[in-house]
Amino acid sequence: MEHTYSAEAVRSRLSSEAGRFHPVLLETVDSTNDYLKREAEKGAPEGVAAFAVAQTGGKGRLGRSFASPPGGVYLSVLLRPALPARRTVWLTALAAVAAAEAIAPFTVGVVGVKWVNDVYIGGKKAVGILAEGAVLPDGRLSYAVVGMGVNLAGGALPAALAARACALDTDDRAAVAAAMLNRLAYWLP
């Protein structure tokens, strides 16, 4: 079944809480996190949510690569919490909980968080999370970018990952993207 994947298709499914997010769909980008970090440096406001059809340089923690073939949901959100940088370590955990809740309706498998930045279904990775940011000289956070990559049924996982990764039982990227933002909005202060 073909589903429309556009900023408007995501926006139309957002809860009132998630209305603070402003979806932007990118065809292909190096990384949605890198894109939003560049936009943040130019002064982009909090709430910009960048989605990519595909990423050429998806990344994970510790500089690892993150396979991002067309057909998945690759999204990042720009946040500007008025907090000291040392108090934002919870962002990754919050995103993991939000992602686990968001994907549960799209699978029959058991969803769990592998502390702290991966969400698994039945023992296989389905979502990767990466939070990054920039700190001001006074120790306050200038911005944070929280990225989440979700494998979907419509995306072809590389053969090397098939043994340890899985995909959601849907190819409706707009529904999954909106669910991710809805749950993220629920948990964010």
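**A strand pair, two covered helices and an aromatic corner**

In this predicted model, L26 sits across from A52 of strand β2. The two strands involved here are β1 (residues 22-29) and β2 (residues 48-55), which run parallel and are held together by seven bridges. To get from β1 to β2 the chain passes through helix α2 (residues 32-41), and the resulting β-α-β crossover is right-handed.

Stepping back to the whole chain, there are four helices and seven strands. Read from the N terminus, the elements come in the order α-β-α-β-β-α-β-β-β-β-α. Of the 189 residues, 53% are buried. Contacts also reach a good way along the sequence: taking those between residues at least 6 apart, 65% join residues at least 24 apart.

Two of the helices can be looked at in turn. Helix α3 covers residues 90-103, and its 14 residues reach 20 Å from first C-alpha to last, close to the 20 Å expected at 1.5 Å a residue. This helix is mostly covered, with eleven of the 14 residues buried. Alanines turn up repeatedly on that list, including A93, A95, A96, A98, A99, A100 and A102. The other buried positions in α3 are L91, T92, L94 and I103. As for what they pack against, the partners of the buried α3 residues are the strands β3 (73-79), β4 (111-114), β5 (118-121), β6 (124-135) and β7 (141-150), along with helix α4 (173-187).

Helix α4 tells a similar story from its own side. Its end C-alpha atoms lie 21 Å apart, which agrees with the 21 Å that 15 residues should span at 1.5 Å a residue. Because twelve of those 15 residues are buried, α4 is largely enclosed by the rest of the structure. The buried set includes R173 and N182 as well as V176, M180, L181 and L184; the alanines A174, A175, A177, A178, A179 and A185 belong to it too. Among the elements covering these residues are α1 (7-11), β2, β3, α3, β6 and β7.

L181 gives a closer view of how α4 is covered. This leucine lies in helix α4, and its relative accessibility is 0%, so it counts as buried. Setting aside neighbours within four places in sequence, L181 is in contact with V10, L14, A18, F21, A49, F51, L75 and V77. The last of these makes a nice example of a contact across the sequence: L181 and V77 are 104 residues apart along the chain, yet their C-alpha atoms are separated by 8.6 Å.

That leaves the aromatic side chains. The count of aromatic pairs comes to one. It is formed by Y186 and W187, whose ring centres are 5.1 Å apart; their planes stand at 90 degrees, so the pair is edge-to-face. Neither ring belongs to a residue that is shut away: Y186 has 43% relative accessibility and therefore counts as partly exposed, and W187, at 37%, also counts as partly exposed. Y186 has a further partner in R183, whose charged end sits over the tyrosine ring, 4.3 Å from its centre.

Key: Residues are numbered from 1 along each chain as its sequence is written. This is a predicted model: local features need pLDDT of at least 70, side-chain atom pairs count only at pLDDT 80 or more; totals for chains, interfaces and linings use all residues. Side-chain values use heavy atoms; hydrogens and water are left out. Two strands pair if DSSP finds at least two bridges between them. A crossover is right-handed if, with the strands pointing away from the viewer, the path from the first strand over the helix to the second runs clockwise. Rings of Phe, Tyr and Trp (its six-membered ring) pair if their centres lie within 6.5 Å; planes under 30 degrees apart count as stacked, over 60 as edge-to-face and the rest as tilted. Buried means under 20% relative accessible area, exposed over 50%, partly exposed in between (1.4 Å probe, protein chains only). A charge sits over a ring if NZ of Lys or CZ of Arg is within 6 Å of the ring centre and within 35 degrees of the ring normal. The expected span of a helix is 1.5 Å times one less than its number of residues. Contact means heavy atoms within 4.5 Å.
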